[in-house]
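Open the model in your viewer and keep the selection tool at hand. The stops below say what to select next and what is there.

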Amino acid sequence: MTPQAFDAQFRAQHESALLQELWAGAWGDQYPAEVAPSSGCPWRLLGLMVAVLHPAPGSTLVDLGCGLGGPGLWLARATRTRLVGVDWSPTAVRIAGERSADWLPPGRARFRTGTFEATGLTTASADTVISVDALALAPDPHAALTEVRRVLRPGGRLLFTAAEPTGGLGADGGSAWAEPLLAAGLVPGARHELPGEGHAWGLLYASVREHRRELRAQMGSTATDTLLTEATMVEPHLEQLSWGAVEAVAPD
């Protein structure tokens with residue numbers, strides 16, 4: 001995958017009303033329609049972000065792999081924080097910036113291109129970092145987590161979502177991300193289970209297959225085929241995966 005491929009995907013998803021309907025159908029009453037996430041971001045996750053991170057008003061929130069910006073914009077509005085969104089897709093950054101006017105006053109949000117390994121952000125400039133279905137897929141997890149450690153202020157908090165094999169979780173449900181976090185200089189915290197995510201993804205993939213002709217008409221063949229390929233790759237493993245949100249803290 002390349003930034004150009006993500007450009008096409010984000011553009012197509014943003015313009016497809018049908019795809020949003022399929023997302024809503026898969027997540028049901030857990031789907032935050034206003035947020036319109038392009039990943040798994042149910043209401044229970046948004047509530048968890050507030051409860052776990054409780055960012056102070058006026059502090060700086062960074063959303064890594066922000067995509068079209070919805071989760072970060074929602075959290076920044078709910079907690080009266082300043083938002084910086086980072087994504088390697090220029091199209092996603094542009095759309096997120098356009099959306100921000102409906103969520104936050106001028107100057108409260110900015111979006112920029114960057115990668116997990118090189119965000120372009122100033123050292124110790126973030127009070128909170130979130131990443132929804134993004135950071136866990138970084139090509140070089142150690143480099144990505146090291147960059148998070150650099151960007152976070154002492155005492156700053158990280159919360160990211162990850163699908164993990166159930167066999168890789170500890171007896172207490174602890175995340176296999178604990179060691180990578182420690183290696184990057186972060187202090188691992190709790191892992192919060194996100195129930196129902198595997199079922200919702202299964203419903204979404206089935207709906208995408210059912211409506212593939214209509215999706216091709218709205219999104220084009222490339223974007224639709226990308227979703228179908230993802231479904232083919234992930235569906236066989238859904239019952240062996242557990243979705244959760246992983247906490248970490250930058251040491252003082």
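The largest cavity has a volume of about 30 Å³. This is a predicted model, and a search through the whole of it finds 1 cavity of 30 Å³ or more. To find the place, select V62, L64, T119, L121, V129, E147, V148 and V151, the residues that line the largest cavity. By type, this lining divides into 6 nonpolar residues, 1 polar and 1 charged.

Now colour strand 1 and helix 6 (141-151), each of which supplies at least two residues of that lining. Which element gives the most to the lining? Helix 6 does, with 3 residues.

Next, select helix 4 (residues 70-79). Is this helix mostly covered or mostly open? Helix 4 is mostly covered, with 8 of its 10 residues buried. Show G70, P71, G72, L73, W74, L75, A76 and T79 to see the buried residues of the helix.

What do these buried residues pack against? Bring up the surroundings one element at a time:

- helix 3 (43-53) and helix 5 (90-100)
- strand 1 (60-64) and strand 2 (82-87)
- strand 3 (109-113) and strand 4 (126-131)

Strand 1 therefore appears at two stops: among the elements packed against the buried residues of helix 4, and as a supplier of residues to the lining of the largest cavity. Before leaving helix 4, step to R80, just after its end, where phi is positive, at about 55°.

The last stops concern aromatic rings. Searching the whole structure finds 8 aromatic pairs. For one of them, select F6 and F10: the ring centres are 6.0 Å apart and the planes stand at 40°, so the pair is tilted. Both residues belong to helix 1 (residues 3-15), where they are 4 residues apart, about one turn of the helix. An α-helix has 3.6 residues a turn, so residues three or four places apart point the same way.

Which of the two labels, buried or partly exposed, fits F6, and which fits F10? F6 has 27% relative accessibility and counts as partly exposed. F10 has a relative accessible area of 10% and is buried, because the cut-off for buried is under 20%.

To finish, select W23, W27, W201 and Y205. Ring pairs link these residues into a cluster.

Key. Residues numbered from 1 in each chain as written. Predicted model: local features only at pLDDT ≥ 70, side-chain atom pairs only at ≥ 80, totals over all residues. Heavy atoms only, no water. Phe/Tyr/Trp six-rings, centres within 6.5 Å; stacked < 30°, edge-to-face > 60°. Buried < 20%, exposed > 50% of the residue type's maximum accessible area, 1.4 Å probe, protein only. Contact = heavy atoms within 4.5 Å. 1 Å grid on protein atoms, 1.4 Å probe; cavity = no way out; pocket = protein on both sides within 12 Å on 5 of 7 lines; lining within 4 Å. Points joined across faces, edges and corners; volume = space filled by probe spheres on them. Nonpolar A, V, L, I, M, F, W, Y, C, P; charged D, E, K, R; others polar.
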